[in-house]
Amino acid sequence: MSTVELTDVKTLRKRARQHVEQGAVTEGYNADREQILRLLNESLATEWVCALRYKRHYFMASGIKASVAAEEFLEHATQELEHADKLAERIVQLGGEPDLNPDNLSKHSHAQYVEGKNLEEMVLEDLVAERIAIDSYREIIQYIGESDPTTRRIFEEILAQEEEHADDMADLLKGL
Ligand SMILES: [Fe+2]
Ligand SMILES: [Fe+2]
């Protein structure tokens with residue numbers, strides 16, 4: 001049996017009517033909201049920096065006729081932006097504001113924007129960036145624990161896709 005104490009319906013209903021202006025954030029939300037918002041915004045910056053780096057690599061690889069790599073870069077760029085949107089949506093649900101100020105993106109991002117001089121460098125830098133994202137998201141998931149299941153699930157879904165991205169880049173690198 002779990003040690004969680006269930007709240008009676010009357011109290012649940014009464015509590016839900018208080019602070020309705022906070023939307024999805026209820027009294028039972030027991031995560032450190034400011035800290036979660038900070039982590040979400042840092043991850044949002046990471047996703048945007050990764051999307052921009054993949055876009056750059058896509059156009060440069062197209063120029064040197066490396067079509068297999070170019071297609072992967074483009075697909076990843078699109079998926080990083082989908083991740084960014086999920087994070088931004090959650091930030092707003094939690095009563096925060098997504099920081100998309102371009103001046104802040106590279107400052108807050110965990111992964112770096114590296115252009116790379118040739119195809120091999122591009123793929124290597126993308127692999128490194130994915131590995132940074134994987135480690136940082138795994139830690140965030142552990143930090144959240146049971147305190148905010150929805151945010152944790154979002155990070156878990158993104159993490160699974162970053163692992164696929166890393167795998168794709170590792171495969172590409174082997175073929176070069
Ligand atoms: Fe991503
Ligand atoms: Fe990724």
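# A guided tour of the two-iron site and its surroundings

Begin by selecting Glu 47 and His 83, both of which are buried. The model in the viewer is a predicted one, and the tour starts at its metal ions before moving to salt bridges, a polar contact and empty spaces.

**Stop 1: the iron ion (ligand 1)**

Keep Glu 47 and His 83 selected and add the iron ion (ligand 1), whose protein donors are two OE atoms of Glu 47, an OE atom each of Glu 80 and Glu 162, and ND1 of His 83, at 1.9 to 2.5 Å from the ion. Read along the chain, the donors of this ion follow the spacing E-x32-E-x2-H-x78-E. Because Glu 47 belongs to helix 2 (residues 33-63) and His 83 to helix 3 (residues 67-93), the pair ties together parts that are 36 residues apart in sequence.

**Stop 2: the iron ion (ligand 2)**

Which residue bridges the iron ion (ligand 1) and the iron ion (ligand 2)? Select Glu 80, which bridges the two ions, and the distance from one ion to the other comes to 3.8 Å. The iron ion (ligand 2) is coordinated by OE atoms of Glu 80, Glu 130 and Glu 162, with Glu 130 giving two of them, and by ND1 of His 165, at 2.0 to 2.3 Å. Along the chain, the spacing of the donors of the iron ion (ligand 2) is E-x49-E-x31-E-x2-H. Since Glu 130 lies in helix 5 (residues 119-144) and His 165 in helix 6 (residues 149-174), this pair ties together parts that are 35 residues apart in sequence.

Are Glu 130 and His 165 buried or exposed? Switch on the surface of the protein to look at them: Glu 130 is buried, and His 165 is buried as well.

**Stop 3: salt bridges**

The structure holds twelve salt bridges, and a few of them can be visited in turn. Select Arg 152 and Glu 146, which form a salt bridge in which the closest N and O atoms are 3.3 Å apart. Glu 146 counts as exposed, with a relative accessibility of 69%.

Now leave Arg 152 selected and add Glu 156, whose side chain meets that of Arg 152 in a salt bridge with an N to O distance of 3.3 Å. Because Glu 156 and Arg 152 are four residues apart in helix 6, about one helical turn separates them. Glu 156 is partly exposed, its relative accessible area being 33%. Next, select Lys 86, Arg 153 and Glu 157, which are joined into one network by salt bridges that share partners.

For another of the salt bridges, go to Arg 33 and Glu 34, where the closest N and O atoms lie 3.5 Å apart. Arg 33 is partly exposed, at a relative accessible area of 28%, whereas Glu 34 is exposed, at 53%.

**Stop 4: Asn 104**

Select Asn 104, which has its place in helix 4 (residues 102-108). With a relative accessible area of 17%, Asn 104 is buried. Add Asp 99 to the selection, and a polar contact of 2.9 Å can be followed from the side chain of Asn 104 to the side chain of Asp 99.

**Stop 5: helix 1 and the largest pocket**

How many of the nine residues of helix 1 (residues 9-17) are buried? The number is zero, so helix 1 lies largely in the open. After helix 1 comes His 19, which has a positive phi, near 50°.

His 19 also belongs to the lining of the largest pocket, together with Leu 12, Arg 15, Ala 16, Gln 18, Val 20, Gln 22, Gly 23, Val 25, Thr 26, Glu 27 and Gly 28. Select these residues and colour them by class, which divides the lining into four nonpolar, six polar and two charged residues. The volume of this pocket is about 190 Å³.

**Stop 6: the largest cavity**

The last selection is made up of Arg 53, Gln 112, Val 114, Glu 125, Val 128, Ala 129 and Ile 132, which line the largest cavity. This cavity has a volume of about 30 Å³. Which helix gives the most to its lining? Helix 5 does, with four residues. By class, the lining of the largest cavity has four nonpolar residues, one polar residue and two charged ones.

Conventions: Residues are numbered from 1 along each chain as its sequence is written. Chains are lettered from A and ligands numbered from 1 in the order in which they are written. This is a predicted model: local features need pLDDT of at least 70, side-chain atom pairs count only at pLDDT 80 or more; totals for chains, interfaces and linings use all residues. Side-chain values use heavy atoms; hydrogens and water are left out. Donors are N, O and S atoms within 2.8 Å of the metal (3.2 Å for Na, K and Ca); water is not among the atoms, so sites may look incomplete. Helices (H or I, at least four residues) and strands (E, at least two) are DSSP runs, numbered from the N terminus. Buried means under 20% relative accessible area, exposed over 50%, partly exposed in between (1.4 Å probe, protein chains only). A salt bridge is a side-chain nitrogen of Lys or Arg within 4 Å of a carboxyl oxygen of Asp or Glu. On a 1 Å grid over the protein atoms alone, a cavity is a set of points where a 1.4 Å probe fits but cannot get out, and a pocket is an open set with protein on both sides within 12 Å along at least five of seven lines; lining residues have an atom within 4 Å of a point. Grid points are joined across faces, edges and corners, and a volume is the space filled by probe spheres set on the points. Ala, Val, Leu, Ile, Met, Phe, Trp, Tyr, Cys and Pro count as nonpolar, Asp, Glu, Lys and Arg as charged, and the others, Gly among them, as polar. A polar contact is a pair of N or O atoms within 3.5 Å; within protein, one must be able to donate a hydrogen and the other to accept it, and residues adjacent in sequence count only if both atoms are side-chain atoms.
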